[in-house]
Amino acid sequence: MPEVRYPVVELRQYTLRPGQRDVLIELFDREFVESQEALGMAVVGQFRDLDSPDRFVWLRGFQDMPSRAEALRSFYTGPIWRTHGPAANATMVDSDDVLLLRPVAGRFGFPAPVAARPGADADGGGDGGGDGGGDGGGDAPGSLVVATMYFRDRPFDDAFADFFEHQLRPALTEAGATPLARLHTEYAENTYPALPVRAGEHAFVWFARFDSVRALDDHLSRLRGCDRWQNDLLPRLSTLAGPARRLRLAPTARSLLR
């Protein structure tokens with residue numbers, strides 16, 4: 001079995017003050033990437049939410065819960081956060097929408113990056129959101145990462161994971177998605193309570209890559225036109241997991257995940 005790169009993952013969604021998203025992204029990409037990774041954390045990806053102009057979404061990975069506690073404590077009491085944290089916090093309305101996740105079956109985590117991270121001088125562009133789905137500037141590819149989230153009143157068990165892996169994933173791939181990772185709730189106690197996470201929830205989140213917003217739209221159109229999806233898979237999925245929430249995420253110029 002290949003090594004899982006990020007056995008613990010935070011999916012962090014920040015609601016920002018109007019007009020402050022690019023301010024935070026410029027600060028984040030300049031000051032908070034290498035400084036966190038130097039302490040053993042992984043900045044997996046950072047994104048603009050195309051459907052919410054005041055939302056910034058990012059993913060942070062850890063090797064385990066004890067090292068998460070140590071790394072977070074070191075960062076948030078360290079010099080980089082002391083210097084730049086107040087400016088970051090000034091852009092935010094809420095930063096507590098955080099799902100703590102782990103790869104399904106311990107092996108369906110994020111793949112290794114396909115390219116090195118762009119340098120700190122990469123052009124971050126604007127909010128974008130056109131057909132390319134990118135961040136609207138520089139030479140960064142106009143790709144789109146989509147996080148599809150399901151919630152229910154009990155943990156997502158092996159039966160659901162098997163249903164997703166052997167029936168849903170092939171259908172989704174055939175319709176044009178490139179699945180990246182499948183994650184579900186990490187139930188371990190939050191080892192750094194100074195940063196809250198959502199508790200008492202049961203989540204299953206799968207991530208996919210698309211070349212553009214249009215490619216995602218084509219994918220959804222193919223699913224709507226697929227008899228097996230509409231008449232068999234989707235009804236079973238709705239019974240097992242309920243409605244989905246989809247995040248359309250445009251990578252920032254320095255996001256490794258794109």
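# Close-up views of a predicted model

**View 1. Helix α1 and its buried residues.** In helix α1 (residues 21-31), Arg 21, Leu 24, Ile 25, Leu 27, Phe 28, Asp 29 and Glu 31 are buried. Buried means under 20% relative accessible area, exposed over 50%, and partly exposed in between (1.4 Å probe, protein chains only). Helices (H or I, at least four residues) and strands (E, at least two) are DSSP runs, numbered from the N terminus. These α1 residues pack against three strands and a further strand-and-helix set: β1 (8-16), β2 (42-49), β3 (55-62), β4 (92-103), α2 (34-37) and α4 (79-90). The contact cut-off is heavy atoms within 4.5 Å. This is a predicted model, in which local features need pLDDT of at least 70 and side-chain atom pairs count only at pLDDT 80 or more, while totals for chains, interfaces and linings use all residues. Residues are numbered from 1 along each chain as its sequence is written, and side-chain values use heavy atoms, with hydrogens and water left out.

**View 2. Helix α3 and what covers its buried residues.** Helix α3 (residues 65-76) has twelve residues. Its end C-alpha atoms are 16 Å apart, which agrees with the 16 Å expected at 1.5 Å a residue. The expected span is 1.5 Å times one less than the number of residues. Met 65, Arg 68, Ala 69, Ala 71, Leu 72, Phe 75 and Tyr 76 are the buried residues of α3. Their cover includes β1, α2, β3, α4 and β4. An α-helix has 3.6 residues a turn, so residues three or four places apart point the same way.

**View 3. Gln 46 and Phe 47 in strand β2.** Gln 46 is found in strand β2, and Phe 47 lies in β2 as well. Gln 46 counts as buried because its relative accessibility is 0%. Phe 47 is also buried, at 0%. Gln 46 and Trp 58 are twelve residues apart in sequence, yet their C-alpha atoms are 4.1 Å apart in space. The contacts of Gln 46, leaving out residues up to four places away in sequence, include Phe 28, Asp 29, Val 33 and Arg 117. With that exclusion too, Phe 47 touches residues including Phe 56, Trp 58, Val 145, Leu 249 and Leu 257. Phe 47 and Leu 101 are 54 residues apart along the chain, with 18 Å between their C-alpha atoms.

**View 4. Leu 99 in strand β4.** Leu 99 sits in strand β4. Leu 99 counts as buried because its relative accessibility is 3%. Not counting residues up to four places away in sequence, Leu 99 touches Val 9, Glu 10, Leu 11, Met 149, Phe 151, Arg 198, Ala 203 and Val 205. Glu 201 is 102 residues from Leu 99 in sequence and 8.9 Å from Leu 99 in space, C-alpha to C-alpha.

**View 5. Ala 105 in the loop between β4 and β5.** Ala 105 is found in this loop. Its phi is near 60°, a positive value in a residue other than glycine. Most residues other than glycine have a negative phi. Ala 105 counts as exposed because its relative accessible area is 52%.

**View 6. Helix α7 and its kink.** α7 has 15 residues. From its first C-alpha to its last α7 reaches 20 Å, close to the 21 Å expected at 1.5 Å a residue. A kink of about 40° lies at Leu 233, shortly before the proline Pro 235. The bend at a residue is the angle between axes fitted to the seven residues ending there and the seven starting there. Trp 229, Leu 233, Leu 237 and Ala 241 are buried in α7. The buried residues of α7 pack against β5, α5 and α6. Just after α7, Gly 242 has a positive phi of about 80°.

**View 7. The largest pocket.** The largest pocket holds about 320 Å³ of space. Its lining has 22 residues, and Tyr 150, Leu 223, Trp 229, Leu 234 and Arg 246 lie nearest its centre. Two or more lining residues come from each of β5 (144-152), α5 (158-174), β7 (202-210), α6 (213-224), α7 (227-241) and β8 (244-251). On a 1 Å grid over the protein atoms alone, a pocket is an open set of points where a 1.4 Å probe fits, with protein on both sides within 12 Å along at least five of seven lines; lining residues have an atom within 4 Å of a point. Grid points are joined across faces, edges and corners, and the volume is the space filled by probe spheres set on the points. The lining divides into 15 nonpolar, five polar and two charged residues. Ala, Val, Leu, Ile, Met, Phe, Trp, Tyr, Cys and Pro count as nonpolar, Asp, Glu, Lys and Arg as charged, and the others, Gly among them, as polar.
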